[in-house]
Amino acid sequence: MTEDTLEQKFYKPGFMDLTSYKLQDATPGPEWDDFVESSDQGSIFCLTDYLQSVYDCRPRMWYCLKGNDPKAALVVMESDDGRNCISVDHVIHNGIMMAPPPSQSNAQTMAEDFRITSFIVGELVRKYNEIFISTSPNFVDVRPFLWHNYGDTGPKFDIEVRHTTMIKLDDVDPEGPFDRNPVYISSSKSRRQEIRYGVKESVKTSRESDVQTFLDFYKLTFQRQNISVDGREYKYLKVLVDGLLAAGRARMYISRTALGDPGSVAVFGFDGKRAYYLFGANDPSLRDQHTGTMVLWDAFLDLASFGVKEVDLEGVNSPLRGHFKLSFGGSIRPYYHLRLRNV
């Protein structure tokens, strides 16, 4: 018997005893949010305030119990008929969130997490015709998805690697000189130059809640790129940003030239772990006024003063956006889009 044949025999549904696990329906609210905040894989995109601010979103939520103990939580976005898990714009991460591990060895924790994920994969395949999940960057073991129908002819998950960049704000002194700021020091030569020019030319950034200016700039940004955006997108964005600002889950920053003209807008959401760069837009006529750099730079300083330790710039998956975001010197982190057509 070959090694491949042995592995095919080994990894079959039912090989592991997963009978101690079960899914229990969960509902949005404080208990759910406490679990999301406690999990390394939990993020703002799975919190009640965020999900309730996404227009026309149908989240389905469960706890994964072992006995009576919640070992993980799961949130997917359902289609209207409830038969599929789908991708929903602006819900960047969803899927499985593990409970904080007990004091046990790393090997035991990995083995437990593997069993939990294997059980959940089986439940998702049983419940849905099509599956889409966009994992957290902190969800690292996708083997149970990769090995679904291992050695068989049945449908298998497509796994697409995506990337984001994280910027640490732990050691940032918001009141200190910019040239000693660790983010400035880690940034590229051209980005440091833009920051110096922005400071020299008195670009000012303030926290505001001017959602209409953001929407106007968002439209102009895509028009400049000759990209047509459905009018419903602006409605969805307004509902989302208004909802997050009202819930205290977001901060909006507007950078203005020395003459007071608004040039760039950035919207950051946050949970108990980090901030997330959700949206950014610019006035194309002021592209040379350094506001695009300064709106992020000044936001980092403000977020650091607010106690934020890390910023997720949310995706470096296209050349231009990736080059700009990575020029601030953050680390690159992978995450995964997992898809299965189970028919």
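**Strands, Helices and Cysteines: A Dialogue**

Colleague: In the sheet, which residue of S3 is the bridge partner of Cys64?

Modeller: Ala72 is the bridge partner of Cys64 in S3. I should add that this is a predicted model.

Colleague: What makes strands S2 and S3 a pair, and in which sense do they run?

Modeller: Pairing requires at least two bridges. Strand S2 (residues 59-66) and strand S3 (residues 69-77) share eight bridges, in the antiparallel sense, so they meet that requirement. Elsewhere along S3, Leu74 stands opposite Trp62. Two residues separate the strands in this hairpin, where Gly67 adopts a positive phi near 70 degrees.

Colleague: How do you know that S1 also pairs with S2?

Modeller: The two strands are joined by five bridges and run antiparallel, and the criterion is at least two. In S2, Leu65 is the bridge partner of Lys22.

Colleague: Why are S1 and S4 said to stand at the edges?

Modeller: The open sheet has four strands in the order S1-S2-S3-S4, with antiparallel pairing. Strand S1 (21-25) and strand S4 (95-98) each have a single partner strand, so each has one side without a neighbour in the sheet. From one strand to the next, the twist averages 25 degrees.

Colleague: Which helices pack on this sheet?

Modeller: Helix H2 (residues 30-38) touches S2, S3 and S4, and its direction makes about 100 degrees with that of S3. Helix H4 (residues 106-127) touches S1, S2, S3 and S4, and its direction makes about 60 degrees with that of S1.

Colleague: How do you know that Cys64 and Cys85 are in no disulfide?

Modeller: A disulfide requires two cysteine sulfur atoms within 2.5 Å. For Cys64, the nearest cysteine sulfur is that of Cys85, 15 Å away. For Cys85, the nearest is that of Cys57, 12 Å away. By this rule the count of disulfides is zero.

Colleague: Why does each of these two cysteines count as buried or exposed?

Modeller: Buried means under 20% relative accessible area. Cys64, at 1%, therefore counts as buried, and Cys85, at 3%, therefore counts as buried too.

Colleague: What makes Ser53 buried, whereas Ala247 is partly exposed?

Modeller: Ser53 has a relative accessible area of 6%, which is under 20% and therefore falls in the buried class. Ala247 has 37%; partly exposed covers what lies between 20% and 50%, so that is its class. Ser53 belongs to helix H3 (residues 48-53) and, leaving aside residues up to four places away in sequence, touches Val239, Leu240, Gly243 and Leu244. Ala247 is in the loop between helix H9 (231-246) and strand S8 (250-256). The C-alpha atoms of Ala247 and Asp49 are 6.6 Å apart, although these residues are 198 apart in sequence.

Colleague: Turning to the sheet of eight strands, why are S5 and S7 its edges?

Modeller: Its order is S5-S12-S6-S11-S10-S9-S8-S7, with mixed pairing, and the sheet is open. S5 and strand S7 (204-208) each have a single partner strand, so one side of each lacks a neighbour in the sheet. The twist here averages 30 degrees from one strand to the next.

Colleague: What is the pairing of S5 with S12?

Modeller: S5 and strand S12 (residues 331-341) run antiparallel and are joined by five bridges. Ser134 stands opposite His337 in S12. Of the five residues of strand S5 (residues 130-134), four are buried.

Colleague: Where does helix H8 lie, and which strands does H10 touch?

Modeller: Helix H8 (residues 211-224) lies across S8, strand S9 (262-270) and strand S10 (275-282), at about 65 degrees to S10. H10 packs on the sheet and touches S6, S7, S8, S9, S10 and S11, its direction making about 35 degrees with that of S9.

Colleague: Why are H7 and H10 called roughly perpendicular?

Modeller: The axes of helix H7 (residues 189-200) and helix H10 (residues 291-305) cross at roughly 90 degrees and come within 9 Å. Angles of 65 to 115 degrees count as roughly perpendicular, and the two helices are therefore described in that way. Arg191, Glu194, Ile195, Gly198 and Val199 of H7 meet Thr293, Met294 and Trp297 of H10. Four of these contact residues are nonpolar, two polar and two charged.

Methods
Residues are numbered from 1 along each chain as its sequence is written. This is a predicted model: local features need pLDDT of at least 70, side-chain atom pairs count only at pLDDT 80 or more; totals for chains, interfaces and linings use all residues. Side-chain values use heavy atoms; hydrogens and water are left out. Axes are lines fitted to C-alpha atoms, for helices over the stretch in contact, and angles run from 0 to 180 degrees between N-to-C directions. Angles under 35 degrees count as roughly parallel, over 145 as roughly antiparallel, 65 to 115 as roughly perpendicular and the rest as oblique. Contact means heavy atoms within 4.5 Å. Ala, Val, Leu, Ile, Met, Phe, Trp, Tyr, Cys and Pro count as nonpolar, Asp, Glu, Lys and Arg as charged, and the others, Gly among them, as polar. Buried means under 20% relative accessible area, exposed over 50%, partly exposed in between (1.4 Å probe, protein chains only).
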